Amino acid sequence: MEELIINLDLPPQSRWDFLQSYQSEIDVLIGYYLKDLGDVSFFQDAIDYYKATFVKKEYLQEIQSIAAFSQFSENEILLTNLYYDALKFVFGCTAFAVSNGRGNLHARNLDWWTENDALKKHTKIFHFIRNGETLYSAVSWIGFVGVLSGFKPNRFSITLNAVSSTESPNLAPPITLLIRDVLENANSFEEARDILSKTEIASDCLLMLVGTQADEMVVIERTPRKYALRYPQNGHLIVTNNYREFTNELKTGDVLQQSSCGRFDRTNELLSMKTPDTTAVCLEILSDTYVKMGITVQQMVFDLANSSITIQ
């Protein structure tokens with residue numbers, strides 16, 4: 001797995017300059033995202049207002065620098081970074097967390113359909129450093145400045161799952177950039193939990209947050225304006241693609257929602273048999289026939305005790 005360094009001590013417009021040698025890869029991925037989004041004329045009409053109001057200047061500067069050596073415009077690259085909020089129904093997940101006596105393990109499948117397994121082929125680990133030290137890491141793709149799965153050494157890890165409620169979308173910050181903000185600025189599990197719970201966001205989501213202590217595990221069920229907290233039962237915590245505290249889930253009938261309960265129940269069954277004591281056992285559970293989907297593009301385990309990421 002290729003690992004890349006993002007130097008946060010550099011000005012935002014210079015942090016991603018090294019990606020110039022990845023131009024063809026960036027253009028392929030941006031092209032896939034835009035194809036999934038379809039007719040983006042509606043977004044184009046609103047994007048200037050949205051980015052001026054809800055996207056931090058430093059993130060816009062990072063996106064501008066990527067656009068400078070891509071065949072796509074700044075607004076097109078920004079739209080792909082808003083992909084989750086615009087089109088979350090193609091995006092699924094199964095995640096679980098356990099405490100095994102020596103620390104917490106946070107395991108996650110990312111399920112996301114793309115042509116030719118593009119996302120699977122181009123997955124990379126990004127280490128964001130400051131003053132020569134890794135501040136946080138993300139499992140992601142080049143051209144994407146937000147975070148779907150991230151880890152702050154000796155502090156906490158965060159993963160994002162898709163869900164849909166009957167609440168209307170909100171003009172508010174995108175969740176993937178909020179996750180990056182939390183990884184960059186929050187210094188404790190409690191601070192991260194409060195920010196992720198109470199900040200208004202653009203769309204529904206499910207967030208798994210895992211800290212370094214045995215009791216630091218929570219699923220934050222979010223709508224754009226509300227939240228509910230769900231804590232471990234029977235020594236473990238699981239999240240797929242449906243609410244378990246909220247009752248206003250929108251029934252979409254898509255394959256991710258239809259398979260959500262089955263993936264949850266199978267993961268619960270496996271965890272009830274034995275608490276995983278290694279990352280390898282976590283990956284075995286993620287790879288179970290009834291847990292892993294055909295569109296799974298990433299499988300990862302964050303080991304909070306060792307401050308490490310394992311990906312297969």
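1. An open sheet of 8 strands runs through this predicted model. The strand order is E1-E4-E5-E6-E7-E8-E9-E10, with mixed pairing. E1 and strand E10 (227-230) stand at the edges with a single partner strand each, so one side of each has no neighbour in the sheet. On average, neighbouring strands are turned by 20° against each other, direction ignored.

2. Take the E10 edge. Strand E9 (residues 217-222) pairs with E10 in the antiparallel sense, over 4 bridges. Within this part of the sheet, Ile220 stands opposite Leu229 of E10.

3. Next, the helices. Helix H7 (residues 175-185) lies across five named strands: strand E4 (124-130), strand E5 (133-140), strand E6 (149-152), strand E7 (156-161) and strand E8 (205-211). H7 runs at about 175° to E7. Helix H8 (residues 189-198) lies across E7, E8, E9 and E10. The angle of H8 to E9 is about 10°. Both E7 and E8 are thus listed for H7 and for H8.

4. Now the loop after E1. Arg15 is found between strand E1 (3-7) and helix H1 (23-37). Is Arg15 buried or exposed? Its relative accessibility is 7%, so Arg15 counts as buried; the cut-off is under 20%.

5. What does the side chain of Arg15 reach? The partner is the backbone oxygen of Leu8, at 3.4 Å. Leaving aside neighbours within four places in sequence, Arg15 is in contact with Ile6, Asn7, Leu8, Leu10, Glu58, Glu62 and Arg180.

How values were computed. Residues are numbered from 1 along each chain as its sequence is written. This is a predicted model: local features need pLDDT of at least 70, side-chain atom pairs count only at pLDDT 80 or more; totals for chains, interfaces and linings use all residues. Side-chain values use heavy atoms; hydrogens and water are left out. Helices (H or I, at least four residues) and strands (E, at least two) are DSSP runs, numbered from the N terminus. Buried means under 20% relative accessible area, exposed over 50%, partly exposed in between (1.4 Å probe, protein chains only). A polar contact is a pair of N or O atoms within 3.5 Å; within protein, one must be able to donate a hydrogen and the other to accept it, and residues adjacent in sequence count only if both atoms are side-chain atoms. Contact means heavy atoms within 4.5 Å. Two strands pair if DSSP finds at least two bridges between them. Axes are lines fitted to C-alpha atoms, for helices over the stretch in contact, and angles run from 0 to 180 degrees between N-to-C directions.
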